[in-house]
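Please explain how the strands of this structure pair with one another, and what surrounds them. A guided reading for a newcomer would be welcome.

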Amino acid sequence: MLKLWRSIPGTFGAARLSQRPHISLKGRYGLSTRQFGVSRRAFEEASIPQTYEQEKEVLDELNKTLDGEESAGLSKLRNIGISAHIDSGKTTFTERVLYYTGRIKAIHEVRGRDNVGAKMDHMELEREKGITIQSAATYCSWDKGGESYHFNLIDTPGHIDFTIEVERALRVLDGAVLVVCAVSGVQSQTVTVDRQMRRYNVPRVTFINKLDRMGADPFRAIQQINQKLKTPAAAIQVPIGTESDLQGVVNIIDRVALYNEGEQGEKLRADPEIPASLKDLVEEKRAALIETLADVDEEMADIYLEGNEPTTDQIKAAIRRATIGRKFTPVLMGSALANRGIQPVLDAVVDFLPQPNEVLNTGLDVSTGVEKRVNLLPTSRAPFVGLAFKLEEGKYGQLTYIRVYQGKLKKGTYMKHLNSGKKVKVSRLVRMHSNEMEDVAEVGVGEICATFGIDCSSGDTFVGQNSDQEIAMSSMFVPEAVISLSLTPKTKDNGAFSKALNRFQKEDPTFRVKYDPELKETIISGMGELHLEIYVERMKREYGVDCVTGKPQVAYREAITTPTTFDYTHKKQSGGAGQYGRVMGEMTPIEGENKFTQHIVGGKIPEKYLLACAKGFEDSLEKGPLIGHRVLGVQMHINDGQTHVVDSSELSFRTAAQGAFKQAFLNANPVILEPIMSVEVSAPNEFQGGVMGLINKLGGMILDTVNGPDEFTVTAECSLNGMFGFSTSLRASTQGKGEFSMEFKKYAQCAPQLQRQLIDEFTKKNQAKK
Ligand SMILES: Nc1nc2c(ncn2[C@@H]2O[C@H](COP(=O)(O)OP(=O)(O)OP(=O)(O)O)[C@@H](O)[C@H]2O)c(=O)[nH]1
C-alpha cells in the first residue's frame, strides 16, 4: 500500500510532532539560553511530546523567551484556514468575513449575477467555474471586547483534485474553521480534510453552514462529526428560526440571543431574552456541551463530578483548552449566503483557536551534519526561519508565500535558501489580500507574508543569512498522482511550453511532468481529470500555448506476486571499450515502498558498482516492464556477482541491474495494479435505483447508503478506470441533480482481461513508434 495511506495517524495526537520535528536552540545563534531566560532542558530535549499536555509543557518553557510586548502582540494574532467538502460554502463564508471585518466594501457571490465573483476566487478560471482552485491568503482585523485581532486567513479548495492546496495551507496554519453543510452533513471530503487536519495537528472550530436550506439539521451533522470523524463535538449555539426564517443563533454558553440585522446581516443585536420556544432546547444542548467537555477536559470533569454548575468563564476556558488540545471541536451554525451567524465564528476564532505561540513548531537542525530535532522559538528576536509554502506567478513576477516560524523578516535584508545555500535579498515584502498586496517593511514571528523574485520550490525552507542557522522545516505531504495524459503543443514550441511546465511543477508538487523518449511524448500526471484540465487551460491562457492532449490515462502501477531469483550478466566485449557486469540475487514482493538491498561478501562487487546497481534499480522502477508504468512494492536484493578487471564500470553494473530487474520482474508473475477510488454520490431519493444501477454497471462495490428526508448518499469503491465519463452518465440518470466526489483509496490488481488489453496496447504503441 502507498505511503500516503499508511502515514495517516489514527489518533488526534502526535501527528504534527511526527511531521513537525523539534527542539534545541542556543549557541550557534550567538544567543545563550540564559539570555532568553529559559532552561536548557526546553531546547535540548530531543524526545517528542506524545500528548498535548507534554507539548504544552515545552511550549510554556519556550514562551518564556517572549517579553511582555511580544507576548501581547502574539495573543492578537490568528492564522486560520477555511476547509471543507466541495461546495459547502467556504468561499461564501470567507466573503462575509472580509466584509464584516471591513476588508472589502461589498459582498459578491460565487457564480453571482453581478459577474464579479467572490474576492478569494480571483483566478479567471475560478470565477468561470465557480470553484476554488488555488488557496488564497488574506488578512483582516476583528474587534472583540475592545481589542483588535489580526487574522491571516486562507480559503482552500474543496475539490479533491486540488488537495495539495489544502495540505500546504494546513501545514502553515495554527487553526481552522471546518465548514460542514447542514443538509449533507459530513461528506467524503469532510473526512479527507479531517484527516489532513489531524496530519498537521490543526485544531478546529466547526461551522455548520446552509441552515437556510430545506432539510437543514445541524444536530444531525454534529452527530455525524462525533461518529464519522470520531471527534467529540458539541453545539455552542442553537438556531433561531429555521430555513428561510433563520434570524440568528442563541449563544448557549452565555444564554444570549444574537440576531443578524441590517441588509447584509452586518448588525449583530444581542438580546439576553432568548425566545421562549427555545429555552428548553438551550438548556438541553448546554447540558450536552458540559457533559462532552467533562469527557475531554479534566478540570471540567472535576466540576461536573462534584455536581457543580460551571460558570460561563469555566466553560469557555475548557472549550479553549480542549480545542487547542485537539480533543474537541465547538460547533457554531448559520448561513453564509443568508448572512446569519458569521460574526460569532470570528469571536470563536479569537476565543478558541490558538495564537501562534500556542502551537509547537519544530524543525530539523541540519547544520552539524547530524540531524537533530529542534523547537522553534516563537520570538522575533531569534534568528529567522521560514517556510515557502506556496508559489504563484503574478503580475510582478514570481510571488513566494512564506510563513515566519522564528525570528522576523525585514525588507532589504538577506535570507538563505537552505537547499541551495544561496543568499537571496528580500527586496519587497508584502501582505496578501487575495491577489492584491500591501507593502510592509517587516513581518514578525507567526506571520504570513509574500516576497518577489525568489527562486525556490514550494515546501522549501529559508533561514537567516548567517550560514550556521540551518533549521529545515518539514514540508507538506504530497500524495501520488493517479491520472496522466500526453501533451503536445499544436504549433512549434518556442520555449513557452517547457517554461510553463517548469513553473507549474515548482508551484504544485502533485503536478508531475515526464518525457517519454521512446514514445517522444510529454506526459503530465496529477490528481484527477479536472486538475490536469486546469493546467492545460492555464497553459493556453497564460502562455499562449494551445496543446493537443491524449486520452486521460489511469496511473497504473506494476507489481510482482511471487519471489524469484536472478543471475544476469551484462556483456559487451566486441570492439572498443568493453562492458561487463554480473549480478545475482533475489526479487521479492513487499508492502509499500520499493527497496534496494545488498549483501556482498569478499568485495565481489565493489561499493561504487553497488551504488550504480542501486541507480539501475531506481531507473527500472520508473518504467515497469509490462506497460511502462511505475513499479510498486518490489525489493531487489543483490548477494553475489562478478566483475571483469578491464571491462567493468559503473555503467555496466547500472545496465546489469536494469537487465536483472527486467528478467526477474517478468519471472515473478507480474501484475498491473489500478487505482481504486472511494466514491460518494448524492442525489434526490427518487433517483436511487438509477444511481445504484449505474454503480453496479461500472463494477463498483457499494459500501454504505444513507437515506435522508430528500436525498440519499451512497459510498462505493470503484476503479478509476470505470469512472471516466461518470459525471455525464450521472447527470443523465438524475436529471442533472446528482453530485459525486471521489478520492484515491488504494491500488488493486486489475482484471486479467484488462491486463492483457493494456499490455497489447503498450506493445502495439511501442512497435508503431519504432
Ligand atoms: N442556501 C445556501 N447556499 C449557500 C450557502 N453558502 C454557500 N452557498 C452556495 O453554495 C455554493 C457553493 O459555495 P462556495 O462558497 O463556492 O463553496 P466552496 O466550499 O467555497 O466551494 P469550493 O471552493 O469550490 O469547494 C454556491 O452556489 C453558494 O452560493 C448558504 O449558507 N446557504
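Strands β25 and β29 run antiparallel and are joined by 2 bridges. One residue pair places this contact in the sequence: Ser484 has Gln553 in β29 as its bridge partner. The model in view is a predicted one, and the descriptions that follow should be read accordingly.

Strand β25, which spans residues 483–489, also pairs with β27, residues 521–526, in the antiparallel sense over 5 bridges. Within that pairing, Leu485 is matched with Ile524 of β27. A further antiparallel pairing, over 3 bridges, links β25 to strand β28, residues 547–549. Here the bridge partner of Leu487 is Thr549 in β28.

From β29 the reader may proceed to the loop that comes after it. Tyr556 is found in this loop, between β29 (553–554) and β30 (557–560). Is Tyr556 buried or exposed? The count of its surroundings settles the matter: 26 other C-beta atoms lie within 10 Å of Tyr556, and a residue is classed as buried when that number is 20 or more. Tyr556 is therefore buried.

Which residues does Tyr556 touch, once its neighbours within four places in sequence are left aside? The contacts of Tyr556 are then Ile627, His629, Ile672, Leu673 and Glu674. There is also a relation to a more remote part of the chain: Ala748 stands 192 residues away from Tyr556 along the sequence, while the C-alpha atoms of the two are separated by 9.6 Å.

The path next reaches an open sheet of 4 strands, arranged in the order β31-β32-β34-β33 with mixed pairing. Its edge strands are β31 (564–572) and β33 (595–598), each of which pairs on one side only. From one strand to the next, the twist averages 25°.

Within this sheet, β31 and β32, the latter covering residues 579–589, are paired in the antiparallel sense over 9 bridges. At one position in this pairing, His570 stands opposite Gly581 in β32.

A helix accompanies the sheet. Helix α18, formed by residues 607–622, lies across β32, β33 and β34 (634–642). Relative to β33, the helix α18 runs at about 155°.

Notes: Residues numbered from 1 in each chain as written. Predicted model: local features only at pLDDT ≥ 70, side-chain atom pairs only at ≥ 80, totals over all residues. Pairing = 2+ DSSP bridges. Axes fitted to C-alpha atoms, helices over the stretch in contact; angles between N-to-C directions. Contact = placed C-beta atoms within 7 Å. Buried ≥ 20, exposed ≤ 12 C-beta atoms within 10 Å, placed from the backbone.
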